[in-house]
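This report covers the sheet, the helix packed on it, the main pocket and a few single residues. The sequence and structure come before the description.

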Amino acid sequence: MTTTVLPGHVAPFVVHFDDLDAMGIVHNARYAVFLERALSQWWADRGHSYAGGRPTTPDVMHAVAEYSISYKAPVRGTGEIGVHFWIETLGETSAVYRFRILSADGLTVHAEGRRVNVKLDPRTLRPAPWSEDARTHASTLLSS
């Protein structure tokens, strides 16, 4: 991965054969999965995950309220890429992520987009505030 300092986090990621479409490029639907896996691992490393089929913290209960992506250059074949993500805005009950799918050297942007998560109360499924722990971790991903 590139040594350029970027806001947020760049997660190394491996594209597998089953991520490809009939043309040998990453299928468009897989980009959302790449982001989901990178975000899930980042949060799990900080204690926010599922264990034994249950959330380890209430902050794991969130829904994607919005998702958009622009494809810039196809990822051709298998191998390493990077999933770069950061938080543009952290609200009381929401987080606006920005992301880019990068080449392994960080020089090519394959796709970029935006994802909005809303934290939900596990009982009511209504918006609920992020915990202080989640806010502390999320603040390290803020772009400014």
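## Strand register and sheet

In this predicted model, Tyr67 stands opposite Arg115 in β7. Another tyrosine position has the same kind of relation to this strand: Tyr97 stands opposite Arg115 in β7. A further pairing in β7 places Ala111 opposite Ile101.

These strands belong to an open sheet of five strands, in the order β1-β5-β6-β7-β4, with antiparallel pairing. The edges are formed by β1 (9-15) and β4 (62-71); each has a single partner strand, so one side of each is left without a neighbour in the sheet. On average, neighbouring strands of this sheet are turned by 25 degrees against each other, direction ignored.

The bridges made by β7 can be given for two partners. β7 and β6 run antiparallel and are joined by nine bridges. Nine bridges also join β7 to β4, again with the strands running antiparallel. Of the eleven residues of β7, eight are buried, so the strand is largely enclosed by the rest of the structure.

β6 and β7 form a hairpin with five residues between the strands. Within this hairpin, Gly106 takes a positive phi near 80 degrees. A positive phi is also found at Leu125, at about 60 degrees, although Leu125 is not a glycine. Leu125 lies in the loop between β7 and α2. With a relative accessibility of 52%, Leu125 counts as exposed, because the cut-off for that class is over 50%.

## Helix α1 on the sheet

α1 lies across β1, β4, β5, β6 and β7. The helix runs at about 70 degrees to β5.

Two residues of this helix can be set side by side. Leu39 lies in α1 and counts as buried, at 4% relative accessibility. Leu39 touches Phe85, Tyr97 and Arg115, not counting residues up to four places away in sequence. Two of these contacts, Tyr97 and Arg115, are the residues that stand opposite each other in the sheet. The C-alpha atoms of Leu39 and Ile81 are separated by 15 Å, with these positions 42 residues apart along the chain.

Ser40 also lies in α1. Ser40 counts as partly exposed, at 36% relative accessibility. From C-alpha to C-alpha, Ser40 and Phe99 are 14 Å apart in space, and they are 59 residues apart in sequence.

## Helix α2

Which residues does Ala138 touch, not counting residues up to four places away in sequence? Ala138, which has its place in helix α2, touches Trp43, Ile87 and Leu90. At 3% relative accessibility, Ala138 counts as buried. Ala138 and Ala22 are 116 residues apart along the chain, and their C-alpha atoms are separated by 38 Å.

Thr136 is also placed in helix α2. Thr136 is partly exposed, with a relative accessible area of 48%. Thr136 and Asp105 are 30 Å apart in space, C-alpha to C-alpha, and 31 residues apart in sequence.

The accessibility values of the single residues are collected below.

| Residue | Relative accessibility | Class |
|---|---|---|
| Ala138 | 3% | buried |
| Leu39 | 4% | buried |
| Ser40 | 36% | partly exposed |
| Thr136 | 48% | partly exposed |
| Leu125 | 52% | exposed |

## The largest pocket

The largest pocket holds about 310 Å³ of space. Its lining consists of 19 residues, and Trp43, Asp59, Val60, His62 and Asn117 lie nearest the centre of the pocket. One of these, Trp43, is also touched by Ala138 of helix α2.

Which elements each supply at least two residues of the lining of the largest pocket? They are α1 (30-44), β5 (79-90), β6 (94-103), β7 (109-119) and α2 (132-139). The largest share, four residues, comes from α1.

By residue type, the lining of the largest pocket divides into eleven nonpolar, five polar and three charged residues.

Technical notes: Residues are numbered from 1 along each chain as its sequence is written. This is a predicted model: local features need pLDDT of at least 70, side-chain atom pairs count only at pLDDT 80 or more; totals for chains, interfaces and linings use all residues. Side-chain values use heavy atoms; hydrogens and water are left out. On a 1 Å grid over the protein atoms alone, a cavity is a set of points where a 1.4 Å probe fits but cannot get out, and a pocket is an open set with protein on both sides within 12 Å along at least five of seven lines; lining residues have an atom within 4 Å of a point. Grid points are joined across faces, edges and corners, and a volume is the space filled by probe spheres set on the points. Ala, Val, Leu, Ile, Met, Phe, Trp, Tyr, Cys and Pro count as nonpolar, Asp, Glu, Lys and Arg as charged, and the others, Gly among them, as polar. Two strands pair if DSSP finds at least two bridges between them. Axes are lines fitted to C-alpha atoms, for helices over the stretch in contact, and angles run from 0 to 180 degrees between N-to-C directions. Contact means heavy atoms within 4.5 Å. Buried means under 20% relative accessible area, exposed over 50%, partly exposed in between (1.4 Å probe, protein chains only).
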